[in-house]
Amino acid sequence: MNNQRISPRGLVLNDQLISINRVTKVVKGGKNMSFAALVVVGDEAGHVGFGTGKAKEVPNSITKAIESAKNNLIRVTLIENTLPHEILGRYGAGKVLIKPAAEGTGVIAGGAVRAIMQMLGVQNVRTKILGSTNNHSVIRATFDGLMRMKDPMEVARLRGIQVEELM
């Protein structure tokens, strides 16, 4: 299980904006407008995180989202530019099926999942969004799957076999 958050110190992180949503709150005096941003950050070497930010202006909401994403970084073990095994991530009504792929396949993913895989550094993967296609649900379902991804070295150690035998 990979549910440890890690520190962004020492990592060179890139960010990618997933969506900006204009939000209106109706109050007694009228309408209060603000913007909600959804951002994914990663170093393309196994570290990835996501965050949301909300502010009166778009640049401020993006800045808040990037800071939030840096505080939610996780580490995922990659094997030869793909993931160790297949997994189904779930969050609410959103489900994301993530499968490792052979060399040369590329990133077969849509929308928010593609951004996460690119920021993670995965070059060969097949994914399928099942259920809700809402960006927030898709991202959280993808992260659920990635956080439950098992490290092959740890599995081999627990079983008392070599990593080569496991593969």
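Which residue in E2 is the bridge partner of Leu17? Select Leu17 and look across to E2: the partner is Val39. Keep in mind as you click around that this is a predicted model.

**Stop 1: the sheet from E1 to E4**

Now widen your selection to the whole sheet around that pair. Four strands make up an open sheet, running in the order E1-E2-E3-E4, and their pairing is antiparallel. Color E1 and strand E4 (74–75), and you have the two edges. Each of them has a single partner strand, so one side of each is left without a neighbour in the sheet. Next, switch on helix H1, residues 58–70, which packs on this sheet and touches E1, E2 and E3. Compare its direction with that of E3 and you get an angle of about 145 degrees. Helix H3 packs on the sheet too, with contacts to E1, E2, E3 and E4. The direction of H3 makes about 150 degrees with that of E3.

Zoom in on E1 and E2 for a moment. These strands pair in the antiparallel sense over 13 bridges, and a hairpin of two residues joins E1 to E2. If you'd like another rung to click on, pick Arg22, whose bridge partner in E2 is Phe35. While you have the backbone on display, here is a handy bit of background: strands of a sheet pair through backbone hydrogen bonds, either parallel or antiparallel.

**Stop 2: the sheet from E5 to E8**

Hide that sheet and bring up the next one. Here you'll find an open sheet of four strands in the order E5-E6-E8-E7, and this time the pairing is mixed. Its edges are strand E5 (87–91) and strand E7 (107–108); each has a single partner strand, so one side of each lacks a neighbour in the sheet. Between E6 (residues 94–100) and E8 (residues 125–131), look for seven bridges in the antiparallel sense. At one of the spots to click, Gly94 stands opposite Gly131 in E8.

Add helix H2, residues 111–120, and you'll see it pack on the sheet, touching E6, E7 and E8. Its direction makes about 145 degrees with that of E8. Then bring back H3, residues 135–147, which packs on this sheet as well, touching E5, E6 and E8. Against the direction of E5, the angle of H3 is about 135 degrees.

**Stop 3: inside the cores**

Time to show some side chains. The largest nonpolar core has 28 residues, and those touching the most other members are Val40, Val48, Leu83, Met117, Leu120, Ile139 and Leu146. Strand E2 (30–42), strand E3 (47–55), E6, H2 and H3 each give two or more residues to this core. Which element supplies the largest share? That would be H2, with seven residues.

Center the view on Ile139. Leaving out residues up to four places away in sequence, Ile139 touches Ile18, Leu38, Val40, Phe50, Ala112 and Ile116. A second, separate core has eight residues, among them Leu13, Ala37, Val39 and Ile66. Yes, that is the Val39 you met at the start, as the partner of Leu17.

**Stop 4: two faces of H4**

Select H4, residues 152–159, and pick out its buried residues: Pro152, Val155 and Ala156. Look down the axis of H4 and these buried residues fall within an arc of 100 degrees, so they line one face of the helix. Spin to the other side of H4 and you'll meet Met153, Arg157 and Leu158, which are exposed. Just after H4 comes Gly160, with a positive phi near 75 degrees.

**Stop 5: a few charged side chains**

How many salt bridges does the count come to? The count is one. Find it by selecting Asp144 and Arg148, whose side chains meet at 3.3 Å, N to O. Asp144 is partly exposed, at 23% relative accessible area, and Arg148 is partly exposed at 28%.

Finish at Arg5, in the segment before strand E1 (14–27). Arg5 is partly exposed, with a relative accessible area of 48%. Skipping neighbours within four places in sequence, its contacts are Asn71, Asn72, Leu73, Ile74 and Met147. For one last click, draw a line between the C-alpha atoms of Arg5 and Gln123: they lie 23 Å apart in space, and the two residues are 118 residues apart in sequence.

How values were computed. Residues are numbered from 1 along each chain as its sequence is written. This is a predicted model: local features need pLDDT of at least 70, side-chain atom pairs count only at pLDDT 80 or more; totals for chains, interfaces and linings use all residues. Side-chain values use heavy atoms; hydrogens and water are left out. Two strands pair if DSSP finds at least two bridges between them. Contact means heavy atoms within 4.5 Å. Axes are lines fitted to C-alpha atoms, for helices over the stretch in contact, and angles run from 0 to 180 degrees between N-to-C directions. Buried means under 20% relative accessible area, exposed over 50%, partly exposed in between (1.4 Å probe, protein chains only). The arc is that of the directions from the helix axis to the C-beta atoms. A nonpolar core is a set of buried Ala, Val, Leu, Ile, Met, Phe, Trp, Tyr and Cys residues joined through side-chain atoms within 4.5 Å. A salt bridge is a side-chain nitrogen of Lys or Arg within 4 Å of a carboxyl oxygen of Asp or Glu.
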